[in-house]
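Please look through the structure shown here, which is a predicted model. The paragraphs after it begin with a single residue and then widen the view.

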Amino acid sequence: MTTRSAFLLRTYYSGTVAAKLQAALDLHECHAAHLNASPVIREELDRLRHGSHALSAHMQSMNLGRLCSQCAERPGGGCCSAYMADNTDSILLLINLLLGIPIQPRHNSAADCCFLGEQGCIFLIKPIFCLNYNCKAILDTTEDDRLQTLYRLAGAVLSRQTRLETLLLDALQNSCAGEADHPTAGSDFFP
């Protein structure tokens, strides 16, 4: 791995939440027009938006946003801890920005996820862990058919999300080819 590849890994996939958010905002500012001009990326964004809205509606019908927010407010918090905010990465944040989701940390708590609002997560596209994990409270209070629907919808979103992330990384690599001063240049990082 080259120095530039290591830099990209640190910039987009590790570091502080603030640093990853700034990297996403920079990517959005520099590349949103180019990314939105791609018919393939636009189509994947639309499919992901549609799947995410279906998932969000189902989660809302289960009252998960409020359940998670209330759990996080209790002493000792819950699953939506500050550690969960660390599970975000710049590409996930960029996807939300491309979908028109304003991203502003809600607070600066060392205990809670800074992206958790009163009605749940502020993201339309959530970190993988947040979609793959259901706590005991959710599992104990939800009917099997509703859980199956939740798993099916989450799986479809995660599949689309992964595909879009790959497309974005490829597009960023191609748009930055030859721009030695740009932090996303360096084709050996991207697949």
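Isoleucine 125 has a relative accessible area of 0%, and because buried means under 20%, this residue counts as buried. Isoleucine 125 sits in the loop that runs between strand E2 (120–121) and helix H7 (128–132). Leaving aside residues up to four places away in sequence, its contacts are Leu48, Ser52, Leu92, Ile95, Asn96, Leu99 and Gln161. One of these partners, leucine 48, is 77 residues apart from isoleucine 125 in sequence, yet the two are 8.3 Å apart in space, C-alpha to C-alpha.

Ile95, which isoleucine 125 touches, also belongs to the largest nonpolar core, a set of 52 residues in which Leu35, Ile41, Leu55, Ile95, Phe115 and Leu168 have the most contacts. Two or more residues of this core come from each of H2, helix H3 (39–61), helix H4 (64–73), helix H5 (82–86), helix H6 (90–98) and helix H9 (144–176), and H9 gives the most, with 12 residues. Leucine 55, again not counting residues up to four places away in sequence, touches Leu131, Leu150, Leu153, Ala154 and Val157.

Helix H2, one of the elements that contribute to this core, covers residues 17–37, and because each residue should add 1.5 Å, its 21 residues should span 30 Å, which agrees with the 28 Å between its end C-alpha atoms. H2 nevertheless has a kink of about 65°, centred on histidine 31. The buried residues of H2 are Val17, Lys20, Leu21, Ala23, Ala24, Leu27, His31, Ala32 and Leu35. An α-helix has 3.6 residues a turn, so residues three or four places apart point the same way.

Key:
Residues are numbered from 1 along each chain as its sequence is written. This is a predicted model: local features need pLDDT of at least 70, side-chain atom pairs count only at pLDDT 80 or more; totals for chains, interfaces and linings use all residues. Side-chain values use heavy atoms; hydrogens and water are left out. Helices (H or I, at least four residues) and strands (E, at least two) are DSSP runs, numbered from the N terminus. The expected span of a helix is 1.5 Å times one less than its number of residues. The bend at a residue is the angle between axes fitted to the seven residues ending there and the seven starting there. Buried means under 20% relative accessible area, exposed over 50%, partly exposed in between (1.4 Å probe, protein chains only). Contact means heavy atoms within 4.5 Å. A nonpolar core is a set of buried Ala, Val, Leu, Ile, Met, Phe, Trp, Tyr and Cys residues joined through side-chain atoms within 4.5 Å.
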